[in-house]
Amino acid sequence: MSTENKNSEEALKKLKEMTSNIETSMMITNLGDHPLDAVPMTQKKIDDQGNIWFLSPGDSEHNKNISKDSKTQLLYSDPSDKQFISVYGDAEIVLKQEILEELYSNISDNWFSGVNDPNLTAIKFIPKEAYYWDTKSNKYISFLKMGFASLTGNQQDVGEKGKLNL
């Protein structure tokens, strides 16, 4: 697996590509304490600056944790395509009605009583850095390459990994 470290525009492009394909992450808050708090979150959008947006109940544990300490980590995983990304950054709670309306969809009705629900908040995650693992081909090709490498002793390039400086 080759290593590529990407900066700025290239890093933002890779972040958008990978998180758009996966969408649901584990949001980890309370990073300074044990145990960590982790909750699955489905992103609503990634804006032009690379900020990742979520909707969240205002009375949730992760909202309380973010209010105390903004340091947050997102873990994305797509084992079927062998794509993984860990993103570290800061999160903030946003209550602007126009943002809530932009992010809200019919599926959000499963958790909220409409866009005017007083418990509805948005979380803006501002990424600082990320580390990713990404195969260049689907899992079957990757497994074939790994099998070939074990039989022949010749190392195969099965993807890339690297750091994204955002």
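**Fold, strand pairing and salt bridges of the predicted chain**

Along the sequence, the chain follows the pattern β-β-α-β-β-β-β-α-β-β-α-β-α-β. The secondary structure thus listed comprises 4 helices and 10 strands. The model is a predicted one, with an average pLDDT of 84 over the chain. A pLDDT of at least 70 is reached by 78% of the residues. In residues 138–152, by contrast, pLDDT stays under 50. For this segment the model has 16 contacts beyond four places in sequence. Where pLDDT is low, the predicted coordinates should not be read in detail.

Of the 166 residues in the chain, 40% are buried. The chain exposes about 9200 Å², and 50% of this area is supplied by carbon and sulfur atoms. Among contacts between residues at least 6 apart in sequence, 69% join residues at least 24 apart.

Strand 3, which spans residues 24–29, pairs with two other strands described here. With strand 4 it runs antiparallel, and 6 bridges join the two. Within this pairing, Ser25 stands opposite Met41 of strand 4. Strand 3 is also paired with strand 7 (residues 71–78), again in the antiparallel sense, over 4 bridges. Here Met27 stands opposite Leu74 of strand 7. In a regular strand the side chains alternate between the two faces of the sheet.

Strand 4 (37–42) is followed by a loop that leads to strand 5 (45–46), and Gln43 is found in this loop. Gln43 has a relative accessible area of 9% and is therefore buried. The residues touched by Gln43, leaving aside those up to four places away in sequence, are Thr19, Ser20, Glu23, Ile52, Trp53, Phe54 and Tyr76. With one of these residues, Thr19, there is a polar contact: the side chain of Gln43 reaches the backbone oxygen of Thr19 at 3.1 Å.

The structure holds 5 salt bridges. One of them joins Glu17 to Lys14, with the closest N and O atoms 3.6 Å apart. Both residues belong to helix 1 (residues 8–22), where a spacing of 3 residues separates them by about one helical turn. The two differ in exposure: Glu17 is partly exposed, at a relative accessible area of 36%, whereas Lys14 is buried, at 8%. Glu17 and Lys14 are also linked with Asp134 in a network of salt bridges.

A further salt bridge is formed by Glu102 and Lys45, whose closest N and O atoms are 2.6 Å apart. Glu102 lies in helix 3 (residues 97–103) and Lys45 in strand 5, so this pair ties together parts that are 57 residues apart in sequence. Both partners count as partly exposed, Glu102 at 49% relative accessibility and Lys45 at 28%.

Lys71 and Asp90 form another salt bridge, with a distance of 3.0 Å between the closest N and O atoms. Since Lys71 lies in strand 7 and Asp90 in strand 8 (residues 83–94), the pair ties together parts that are 19 residues apart in sequence. Lys71 is partly exposed, with a relative accessible area of 32%, while Asp90 is buried, with a value of 12%. Strand 7, which holds Lys71, is also the strand that pairs with strand 3.

Note on methods. Residues are numbered from 1 along each chain as its sequence is written. This is a predicted model: local features need pLDDT of at least 70, side-chain atom pairs count only at pLDDT 80 or more; totals for chains, interfaces and linings use all residues. Side-chain values use heavy atoms; hydrogens and water are left out. pLDDT is the predictor's confidence in each residue, from 0 to 100. Contact means heavy atoms within 4.5 Å. Buried means under 20% relative accessible area, exposed over 50%, partly exposed in between (1.4 Å probe, protein chains only). A polar contact is a pair of N or O atoms within 3.5 Å; within protein, one must be able to donate a hydrogen and the other to accept it, and residues adjacent in sequence count only if both atoms are side-chain atoms. Two strands pair if DSSP finds at least two bridges between them. Accessible areas come from the Shrake-Rupley method with a 1.4 Å probe; for residues, only the protein chains shown count as cover. A salt bridge is a side-chain nitrogen of Lys or Arg within 4 Å of a carboxyl oxygen of Asp or Glu.
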